[in-house]
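Welcome! Have the sequence and the 3D view open side by side, and take your time turning the model around as you read.

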Amino acid sequence: MPLVIHPRVRRSLRRIVAVGCGVFFAGTGAALASCPPQPLSTPFSQWGDTNSYFLIPGGSFEGTPDQVGWSLSNASLTAGNEPFQVGGSSDQQSLTIDAGGSATSPYFCVDNTMTDLRLFVQQVTTGSDLQVQALVQTRDGVRTMPVAHLADGSAPAWAPTDPIAGDTAAIPNGYSVMVALQFVVPESSGTWQLDDIYVDPWRSG
C-alpha cells in the first residue's frame, strides 16, 4: 500500500532533497554481520505510515547530555518536546541547533534493510537549510556522505518529515556498516529544532 502523508505535512516539508549514496556504501568495506534486532514501534501511524521503526541512539533527546550521547556544537538539549508525543507522554526535551552548529549521533549499525529515516522538525528562525549527513566508518577511516537537506522556510511548525531515503541497498546481504547521523545548520542565521529520529528496517514492515 502506498505511504500516505498528511497533506499539510507534505506541503510544509515537500522540499526535502535526497542525495543518492548507494555507490558509496558499496565501497565502504562493510563487515560480515547483520545488525542485531532493535525494539520497534509505529510512531508515524497517525500520519498513515504503519511501518515499524526503531529509535536511533539518543534520538528522543531525553536525559542529560551524557545520557543522550550526542556530540553538540552550537547546539543544545532544549525543554519542550515535539507536540505529538510519539515516544510517550513523559518526553520533555528536544534538540536545538543554532546557526553554524551541528549535532552528531552516536554510531549505530546499518545494513541493507534500513531503507529510510524519519524525524520531527521545526524551524525556529529562518536563514538556513538543515543538512543531513551520514558519517560512515570505512577501512580508510570515517567518511562523510550527504543524505538530504531540508529547505529554509519549509518547516514553520512541528511536523514529521517525509521518509528520507538512506539508499543502503548497495550494502551486501549479511553485511553491515557503522554510521552516525549528523545534522548541520551551515549558515550564520537560522535555528532548527529536532526530535524523535527513527529508522525503518523494511524487513519488519
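Which residues have the most contacts inside the largest nonpolar core? They are Trp70, Ile97, Leu130, Phe183, Leu194 and Ile197, in a core of 38 residues. Keep in mind that this is a predicted model. The chain is built from three helices and twelve strands, and the points below take you through it topic by topic.

**The chain as a whole**

- The chain has 205 residues, and 47% of them are buried.
- Among contacts with a separation of 6 or more, 82% are between residues 24 or more positions apart.
- The accessible surface of the chain adds up to about 9,200 Å², and carbon and sulfur atoms account for 52% of that surface.

**The nonpolar cores**

- In soluble globular proteins, nonpolar side chains tend to be buried together.
- Here, the largest nonpolar core contains 38 residues.
- The elements that each supply two or more residues to this core are β4, β5, β6 (114-125), β7, β8 (141-150), β11 and β12.
- Apart from this core lies another one, made of six residues, including Phe44, Trp47, Tyr53 and Phe120.
- Ile97 is a good residue to click on: leaving aside neighbours within four places in sequence, its contacts include Leu130, Phe183 and Leu194.
- The contacts of Ile97 also include Asn74, Ala75, Trp192 and Gly190.

**Strand β11 and its partners**

- Strand β11 covers residues 177-184, and seven of its eight residues are buried.
- Strand β4 (residues 93-104) runs antiparallel to β11, and three bridges join the two. Look for Ala103, whose bridge partner in β11 is Phe183.
- Strand β5 is likewise antiparallel to β11, with three bridges between them. Val110 has Val177 as its bridge partner in β11.
- Strand β7 (residues 130-138) pairs with β11 over six bridges, again in the antiparallel sense. Here you can find Ala134 opposite Leu181 of β11.

**The disulfide**

- How many disulfides does a search of the whole structure find? There is one, and it joins Cys35 to Cys109 with an S to S distance of 2.1 Å.
- This pair links distant parts of the chain, 74 residues apart. Cys35 sits in the loop between α2 (22-26) and β2 (54-55), while Cys109 belongs to strand β5 (residues 108-110).
- The link between Cys35 and Cys109 is left-handed, with -85 degrees about the S-S bond.
- Are the two cysteines buried or exposed? Cys35 has a relative accessible area of 6%, so it counts as buried. Cys109 is buried too, at 16%.

**Two residues with a positive phi**

- Asn74 is not a glycine, yet it has a positive phi of about 50 degrees. Asn74 is part of strand β3 (residues 71-79), and its relative accessibility of 44% makes it partly exposed.
- Asp196 is not a glycine either, and it has a positive phi of about 50 degrees. You will find Asp196 in strand β12 (residues 191-201).
- Why does Asp196 count as buried? Its relative accessible area is 0%, and buried means under 20%.

**Two more residues to look up**

- Thr138 lies in strand β7 and is buried, with a relative accessible area of 15%.
- Which residue's backbone nitrogen does the side chain of Thr138 reach? It is that of Asp140, at 3.0 Å.
- Try a distance check from Thr138 to Ala30: the two are 108 residues apart in sequence, but 7.4 Å apart in space, C-alpha to C-alpha.
- Gln122 belongs to strand β6 and counts as buried, at 17% relative accessibility.
- Not counting residues up to four places away in sequence, Gln122 touches Ala155, Pro156, Ala157, Trp158, Trp192 and Gln193.

Methods. Residues are numbered from 1 along each chain as its sequence is written. This is a predicted model: local features need pLDDT of at least 70, side-chain atom pairs count only at pLDDT 80 or more; totals for chains, interfaces and linings use all residues. Side-chain values use heavy atoms; hydrogens and water are left out. A disulfide is a pair of cysteine sulfur atoms within 2.5 Å. Helices (H or I, at least four residues) and strands (E, at least two) are DSSP runs, numbered from the N terminus. Buried means under 20% relative accessible area, exposed over 50%, partly exposed in between (1.4 Å probe, protein chains only). Two strands pair if DSSP finds at least two bridges between them. Contact means heavy atoms within 4.5 Å. Accessible areas come from the Shrake-Rupley method with a 1.4 Å probe; for residues, only the protein chains shown count as cover. A nonpolar core is a set of buried Ala, Val, Leu, Ile, Met, Phe, Trp, Tyr and Cys residues joined through side-chain atoms within 4.5 Å. A polar contact is a pair of N or O atoms within 3.5 Å; within protein, one must be able to donate a hydrogen and the other to accept it, and residues adjacent in sequence count only if both atoms are side-chain atoms.
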